[in-house]
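Please look over the sequence and the model below. A short report on a few of its parts follows.

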Amino acid sequence: MHFKESHKKIILDHYRNPRHKKELAESEQDSVLDNPSCGDRVALQIREENGIIRELNFDGEGCSLSMASASILTDLISGKPLDEARSICSRILRVFRGDEPASVLNDFGDIAAFEELTLYPVRLKCATLAWETLEQLWKMP
């Protein structure tokens with residue numbers, strides 16, 4: 001797998017210095033998903049107030065791709081109106097699922113570092129995990 005050097009730096013920065021990562025007790029976890037094939041796990045905690053995502057934190061363990069993606073997700077979505085956050089999440093998942101071109105990621109900041117990953121479906125599951133965890137949260141009753 002080959003990433004542009006600038007993209008590799010973004011991914012490694014989010015992996016080594018994750019944004020909004022904190023230890024979450026089980027009772028604080030609003031949504032959790034894991035990838036049993038590789039052992040990646042992401043838990044999210046979301047706090048919304050007046051239709052704005054005031055706080056979005058994650059906990060988990062996994063490869064650099066899954067943890068960097070979770071960091072990017074929380075950084076990108078925090079502070080956004082709920083409708084906008086849902087739209088962003090949906091659009092990025094459409095790219096990861098092959099329904100939109102990878103170039104769409106360029107509209108969303110650091111997640112653009114995953115553009116080349118769309119060529120590697122096996123590893124794409126790592127990057128998708130956090131986004132699917134958020135999507136699952138929004139589908140809950």
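At what angle do H3 and H4 pack, and how far apart are their axes? This is a predicted model, in which local features need pLDDT of at least 70 and side-chain atom pairs count only at pLDDT 80 or more, while totals for chains, interfaces and linings use all residues. Residues are numbered from 1 along each chain as its sequence is written, and side-chain values use heavy atoms, with hydrogens and water left out.

The angle between H3 and H4 is about 145°, and their axes lie 10 Å apart. Axes are lines fitted to C-alpha atoms, for helices over the stretch in contact, and angles run from 0 to 180 degrees between N-to-C directions. Helices are DSSP runs of H or I with at least four residues, strands are runs of E with at least two, and both are numbered from the N terminus. Residues of H3 in this contact (heavy atoms within 4.5 Å) include Cys89 and Phe96, and those of H4 include Trp131 and Trp138.

Two residues outside these helices are set out here.

| Residue | Place | Relative accessible area |
|---|---|---|
| Ala112 | loop between H3 (82-96) and H4 (121-139) | 8% |
| Asn57 | strand S3 (52-61) | 5% |

Ala112 is buried, and so is Asn57; buried means under 20% relative accessible area, found with a 1.4 Å probe on protein chains only. Leaving aside neighbours within four places in sequence, Ala112 is in contact with His7, Leu105 and Asn106. The C-alpha atoms of Ala112 and Lys8 are 11 Å apart, with their positions 104 residues apart along the chain. With the same neighbours left out, the contacts of Asn57 include His20, Leu44 and Thr74.

Notes:
Buried < 20%, exposed > 50% of the residue type's maximum accessible area, 1.4 Å probe, protein only.
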